[in-house]
Amino acid sequence: MVYLLSEEPLERLVERAYAVKTAETGNTVSLRAILEWSDICSKNCLYCGIRRGNAAVRRYRMTEDEIVAAALKAYESGYGNIVLQSGEVESDGNTAFVERVLRRIAAAAGGSFGITLSLGEQTGDVYRRWREAGAHRYLLRIETSDPRLYAQIHPEGCSWERRRDCLRSLRREGYQVGTGVMCGLPGQTVEDLASDILFFEEEDVDMIGMGPYIPHPGTPLGKGVPWTASDRRARFELALRMIAVTRIALGDVNIAATTALQALDPEGREKGILAGANVIMPNITDPVYNESYGLYAGKPRSDTGTGEDVQSLAGRLEALGERLLCGERGDSPHFKARERPCRAGTDSRRGK
Ligand code: SAH
Ligand code: SF4
C-alpha cells in the first residue's frame with residue numbers, strides 16, 4: 001500500500017482501482033444530498049474553520065421546519081436520501097431536536113428515503129434514539145488512525161479512543177457506519193495513510209469519506225501556512241491515491257468523492273469517481289449559509305438542490321460512462337453482504 005500510495009504511476013493506479021469499482025458497484029454512482037444545518041460546535045479541532053474558538057464565524061441553526069422542508073425538496077428533486085451534517089453538540093435539547101426532525105422527515109418522505117447523520121461524537125443512547133427515529137447511516141471520520149497524530153491536531157481532552165468507540169457503538173446500534181481521514185495533515189506519513197486503510201478494514205466499516213486536508217487561515221493548524229498551486233495539486237493527487245488504494249484494498253464499500261476534492265479541482269468529484277469512488281454528495285444547503293459553514297478555505301458553494309442540478313450531474317457522469325442512481329437509498333453493498341443471513345464462512349470481500 002505504501003508503494004501504491006507514493007510510487008505507482010497515478011494513471012495505472014487509478015485504472016486498476018476503477019476496474020475494482022466497476023466490478024463491485026457497476027457503472028453506477030450513488031447520489032446523496034448533504035444539508036449543513038448548523039455550524040454551532042462545542043469542539044475546537046485545530047484544523048477546522050467552524051471550531052468553537054473561531055469568533056469570526058457567524059453561527060446559525062436552521063429551524064426544524066426549514067430542515068424538514070429542505071429534505072422534502074431534495075426528495076422531490078430526485079434524491080433518494082439525505083445526509084444531515086452539523087457541528088458537534090451534546091445536549092438533551094439537541095438530541096430531542098434531531099429526533100423530532102428525523103421523525104418528521106421519515107413520516108413525510110416514507111421509509112424508502114434514506115437518512116444519514118454526521119453529527120459527531122455522542123453516547124450510545126443518543127445514537128440509539130436517532131436510529132429509532134429513522135436514521136440508518138452515520139458518518140464519523142476518525143480523521144487519522146494514529147492516536148499520536150490525532151492528539152497533535154486536537155486540543156487536550158479530545159480522545160481518539162472515544163472516537164473509535166463511537167464507531168463501534170454506532171455499529172452495535174445497527175447503523176451502516178462510515179468513517180474516513182484527512183489526507184496530507186501536517187506530520188502525516190504515507191505509512192500513516194496505509195495504516196488508516198488497515199484501520200478501515202479492522203473496524204469493518206461500510207462507507208468511507210476521505211478528502212484532502214485544506215488549511216484554514218483562521219485556525220491554529222492553518223494559520224500562516226503557505227498554500228501554493230503546487231501544494232494544491234500534490235494534495236489533490238494524494239487524496240485520489242487514497243481513494244484508489246482504499247477501493248483496491250476494501251472492494252465493496254461505499255466511497256464518496258467528497259466536496260474537498262472539488263475545492264482543489266473543478267472536476268475533482270468526477271476524477272474521484274474515476275479513481276474508485278462511487279458516491280457523490282451535492283450540497284443542497286441554502287447558499288446564505290455557505291460562508292458560515294466554512295470548514296476549510298475555498299470550500300465550494302452549494303449545488304442548489306433543484307431537479308435540474310441532478311440532471312446536469314447525471315449528464316456529466318453519463319459522459320464518463322456512469323449512471324447516476326437517482327431516487328435510491330444507495331446502501332453500502334458491504335453492509336448488505338454483512339447483513340445477509342447465510343454469511344457463515346463466506347467473508348464477502350475482504351482479503352482481495
Ligand atoms: N462535526 C462533525 C461533522 C462536521 S465536520 C464531525 O466532526 O464529525 C466534517 C468533516 O470535515 C470532519 O470530519 C473533517 O474531516 C472535515 N474537515 C474539517 N476541517 C477540515 C479541513 N481544514 N480540511 C479538510 N477537511 C476538514
Ligand atoms: Fe466541530 Fe466537526 Fe469542526 Fe471538529 S471537525 S470543530 S467537531 S465541526
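**Exercise 1. Find where D204 lies, and decide whether D204 is buried or exposed.**

Solution. Start with the place: D204 belongs to the loop between helix 8 and strand 8 (207–212). Keep in mind as you work that this is a predicted model. Next, look at the backbone: the phi of D204 is near 55°, a positive value in a residue other than glycine. As background, most residues other than glycine have a negative phi. Finally, turn to accessibility: D204 has a relative accessibility of 17%, and the cut-off for buried is under 20%, so D204 counts as buried.

**Exercise 2. Describe the backbone angle, the place and the burial of E143.**

Solution. Begin with phi, which is positive at about 75° although E143 is not a glycine. Then locate E143 in the loop between strand 5 and helix 6. To finish, compare its relative accessible area of 8% with the limit of under 20%: E143 is therefore buried.

**Exercise 3. Work out what surrounds two other loop residues, T258 and G80.**

Solution. Take T258 to begin with. T258 is found in the loop between strand 9 (254–257) and helix 10 (259–264). With a relative accessible area of 8%, T258 is buried. Leaving aside neighbours within four places in sequence, T258 is in contact with R141, G209, M210, G211 and R269.

Now move to G80, in the loop between helix 3 (64–76) and strand 3 (81–86). G80 has a relative accessible area of 4%, so G80 is buried as well. Not counting residues up to four places away in sequence, G80 touches S112, F113, G114, G327, E328 and R329. For a sense of distance, the C-alpha atoms of G80 and R137 are separated by 13 Å, and these two residues are 57 apart along the chain.

**Exercise 4. Explain why the ring pair of Y127 and Y138 is edge-to-face, and place the pair in the chain.**

Solution. A pair of aromatic rings is described by the distance of the centres and the angle of the planes. The model has 7 aromatic pairs. In the pair of Y127 and Y138, the centres lie 5.0 Å apart and the planes stand at 70°; since an angle over 60 degrees counts as edge-to-face, the pair is edge-to-face. The pair joins distant parts of the chain, with Y127 in helix 5 (residues 124–133) and Y138 in strand 5 (residues 137–139), 11 residues apart.

Check the burial of each partner: Y127 is buried at 0% relative accessibility, and Y138 is buried with a relative accessible area of 0%. Then widen the view: ring pairs link Y127, Y138 and Y175 into a cluster. Over the ring of Y175 sits the charged end of R131, 5.9 Å from the ring centre. Elsewhere, the charged end of R61 sits over the ring of F97, 3.9 Å from its centre.

**Exercise 5. Determine which residues cover the two sides of strand 1, and which strands pair with strand 1.**

Solution. In a regular strand the side chains alternate between the two faces of the sheet. In strand 1 (residues 28–31), T28 and S30 are on one side, V29 and L31 are on the other, and all are buried. Strand 1 pairs in the parallel sense with strand 11 (residues 323–325) over 3 bridges. Strand 1 also pairs in the parallel sense with strand 10 (residues 279–280), over 2 bridges. Now follow S30 both ways: S30 stands opposite L325 in strand 11, and its bridge partner in strand 10 is V279.

**Exercise 6. Find which residues touch the most other members of the largest nonpolar core.**

Solution. In soluble globular proteins, nonpolar side chains tend to be buried together. Here the largest nonpolar core has 99 residues, and L84 and L117 touch the most other members. Helix 9 (residues 229–250) gives the largest share, 11 residues. A second, separate core of 5 residues includes I34, A256, V279 and M281. Looking around L117, and leaving aside neighbours within four places in sequence, you find contacts that include L84, W130, Y138 and Y175.

**Exercise 7. Compare the length of helix 7 with the expected value, and find what its buried residues pack against.**

Solution. Helix 7 (residues 160–172) has 13 residues. From first C-alpha to last, helix 7 reaches 19 Å, close to the 18 Å expected at 1.5 Å a residue. Its buried residues are W160, R163, R164, C166, L167, S169 and L170. They pack against helix 5, strand 5, helix 6 (147–153), strand 6 (176–179) and helix 8 (190–202).

Note on methods:
Residues are numbered from 1 along each chain as its sequence is written. Chains are lettered from A and ligands numbered from 1 in the order in which they are written. This is a predicted model: local features need pLDDT of at least 70, side-chain atom pairs count only at pLDDT 80 or more; totals for chains, interfaces and linings use all residues. Side-chain values use heavy atoms; hydrogens and water are left out. Rings of Phe, Tyr and Trp (its six-membered ring) pair if their centres lie within 6.5 Å; planes under 30 degrees apart count as stacked, over 60 as edge-to-face and the rest as tilted. Helices (H or I, at least four residues) and strands (E, at least two) are DSSP runs, numbered from the N terminus. Buried means under 20% relative accessible area, exposed over 50%, partly exposed in between (1.4 Å probe, protein chains only). A charge sits over a ring if NZ of Lys or CZ of Arg is within 6 Å of the ring centre and within 35 degrees of the ring normal. Two strands pair if DSSP finds at least two bridges between them. A nonpolar core is a set of buried Ala, Val, Leu, Ile, Met, Phe, Trp, Tyr and Cys residues joined through side-chain atoms within 4.5 Å. Contact means heavy atoms within 4.5 Å. The expected span of a helix is 1.5 Å times one less than its number of residues.
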